[in-house]
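Trainee: I would like to learn how to read a structure with two chains, beginning with the overall layout and moving on to single residues. Could we go through it together?

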Amino acid sequence: MTEEKYSLRQHIIRGGIGGALGLLILPRFGEMFNSIIIDAGEGGTPALIISYILCFVIGALAGIATLPFADTGKELVVRSVIHYALTALAFSAICLVNGWNRGRWDTLLFFIGMLAVFYLTIWLARWIAWLGEISDIREKLGIKPKRSPLGIVEALPYAVLVLLTSFIVSYAGYALDRTGWVGSIITAIIIPAGVFWNGVVLGKHNGFTPAFIVIAEIAVIVGLGITIFALRLNLGFGWGAAIPAALALIGNLAGAAIRKSKEKRAE
Amino acid sequence: MKVEFIKSPELTEPEITVRAPELTPEISKLIASLTSDEPIRGWHGGEVEIIPLADILRFYTDGKGVSLETEKGVYSVRERIYELEERLPKSDFVRISNSEIVNIRRITAIDLSFTGTVRLTLTGGRLVFSSRRYIKKLKEAVGV
């Protein structure tokens, strides 16, 4: 099978699955704004048909979302920008058709901005994975630069990813459920898991990095703080504020241990 | 590993015999390195020069043909890139793009751009670029 045919097949399969999931999930997503998709009428109105088509399109675009990030250089940038533009266009259309933006352009622009932050988060996660590979190659060739004090420079990209994830996840959680329990569960599970995993990956590539424990904690507080401010939530941090730092420490130590055991096996 | 040298004046050229209980990947690598480090012939101004592999920074195609670069200069090579890729020792040379093979031992720095392009600095400051597609080969070559 040629590369083009394989790529086309991947787009069709992923797009199809994503589209089907879009049809299942997005109408429920719309319920947080209003119920126009659910109750638009038994006979079907143009708005209803357009909404379902857009749900499929957005789902399909999400399904092929990892494919634009598969290349590098200028091609990566062009493909990612095109993918973002198409997704933003389809999302804007569904918002306008169903009144999700409540007739306000600034709300629509805010949604599109959030989508851009989401793209940035995905891109940063991939870039960090590449950086880990480069770090391993440098090490094998004996050209790894000297580590910065406490590993601040090494930990910084991971901390930015933690900040963006904390913001996106908490915002989506609390925006979907104003009563707060969905947001609380997401915040209590996904964000700590993300901090732990970032610590593991950082430890695997750079060993124990004390700076990460402090800046991961700051990143989570800032990320959650933006959500609390933006949604005007009446939430405090309390004793749970120490959890990110603890998980960053445990994750980082686990990653460093994996690294040591790998080194021993190589000897 | 036991290494032995036996002086044999009756031989016309050096002969190497590798004895081992079985052919392991390490032994195959050793044999490959012993058989394929033949120097490369480079043409420069109509004259041919024998260039040791260790001196070569990179091989590249520039539309006119294949060239090799050392710290002293650039030479033309008769082989094609894919032939060189097969012939050169895999532990020392790696293909980093459609048009370029670099000497791993001559890499002095590796940097990652924001778009995922990898920039390699070779001895003397020569900059070359690789894409994500070829990084897998570099990882295999250095044993990551």
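Mentor: Let us begin with chain A, which has 9 helices and 0 strands, in a model that is predicted. Read from the N terminus, its elements run α-α-α-α-α-α-α-α-α. Chain A has 267 residues, of which 30% are buried, and among its contacts with a separation of 6 or more, 78% are between residues 24 or more positions apart.

Trainee: How many helices and strands are there in chain B?

Mentor: Chain B contains 3 helices and 10 strands, and along the sequence they follow the pattern α-β-β-β-β-β-α-β-β-β-β-β-α. Its C-alpha atoms fill a box of roughly 55 × 40 × 25 Å along the principal axes. Buried residues account for 21% of the 144 residues of chain B, while 41% of its contacts between residues at least 6 apart in sequence join residues at least 24 apart.

Trainee: How should I read the place where the chains touch, and which elements of chain A give two or more residues to that side?

Mentor: As a general idea, the size of an interface is often given as the accessible area lost when the parts come together. Here we can instead count residues in contact: 16 residues of chain A are in contact with 19 residues of chain B. On the side of chain A that touches chain B, the elements that give two or more residues are α4 (73-98) and α5, and α5(A) gives the most, with 10 residues. By type, the residues on that side of chain A divide into 9 nonpolar, 2 polar and 5 charged.

Trainee: When I look at a helix, how do I tell which side is buried, and which residues of α3 in chain B are buried?

Mentor: The general idea is that an α-helix has 3.6 residues a turn, so residues three or four places apart point the same way. In helix α3 of chain B, residues 132-142, the buried residues are Arg132(B), Ile135(B), Leu138(B) and Ala141(B). These lie on the same side of α3(B), because they cover an arc of only 140° around the axis. On the face turned away from that buried side, α3(B) carries the exposed residues Lys136(B) and Glu140(B).

Trainee: What covers the buried residues of α3(B)?

Mentor: The cover includes α5 of chain A, together with β6 (93-97), β9 (118-122) and β10 (127-130) of chain B. After α3(B) comes Gly143(B), which has a positive phi near 85°.

Trainee: Two of those strands, β9 and β10, are neighbours in number, so I would like to know how strands are read. In what sense do β9(B) and β10(B) pair?

Mentor: In a regular strand the side chains alternate between the two faces of the sheet. In this structure β9(B) and β10(B) pair in the antiparallel sense over 4 bridges, and the bridge partner of Thr121(B) is Leu127(B) in β10(B). The two strands form a hairpin with 4 residues between them, and Gly124(B) in the turn has a positive phi of about 90°. Likewise β8(B) and β9(B) pair in the antiparallel sense, over 5 bridges, with Asp111(B) standing opposite Arg119(B) in β9(B). The hairpin of β8(B) and β9(B) has 5 residues between the strands, and Gly116(B) there takes a positive phi near 90°.

Trainee: Is Phe114(B) buried or exposed?

Mentor: Phe114(B), found in the loop between β8 (107-112) and β9 of chain B, counts as exposed because it has 10 C-beta neighbours inside 10 Å, and the cut-off for exposed is 12 or fewer. Its C-alpha atom is separated by 51 Å from that of Glu4(B), a residue 110 positions away along the chain.

Trainee: Which phi values deserve a second look in residues other than glycine?

Mentor: Most residues other than glycine have a negative phi. In chain A, Leu150(A) has a positive phi of about 60° although it is not a glycine, and Leu150(A) lies in the loop between α5 (105-141) and α6 (152-176). Leu150(A) is partly exposed, because 16 other C-beta atoms lie within 10 Å. Arg232(A) also has a positive phi, near 50°, and its place is in the loop between α8 (210-230) and α9 (243-266) of chain A. With 6 other C-beta atoms within 10 Å, Arg232(A) is exposed.

Technical notes
Residues numbered from 1 in each chain as written. Chains lettered and ligands numbered in written order. Predicted model: local features only at pLDDT ≥ 70, side-chain atom pairs only at ≥ 80, totals over all residues. Buried ≥ 20, exposed ≤ 12 C-beta atoms within 10 Å, placed from the backbone. Arc of directions from axis to C-beta. Contact = placed C-beta atoms within 7 Å. Nonpolar A, V, L, I, M, F, W, Y, C, P; charged D, E, K, R; others polar. Pairing = 2+ DSSP bridges.
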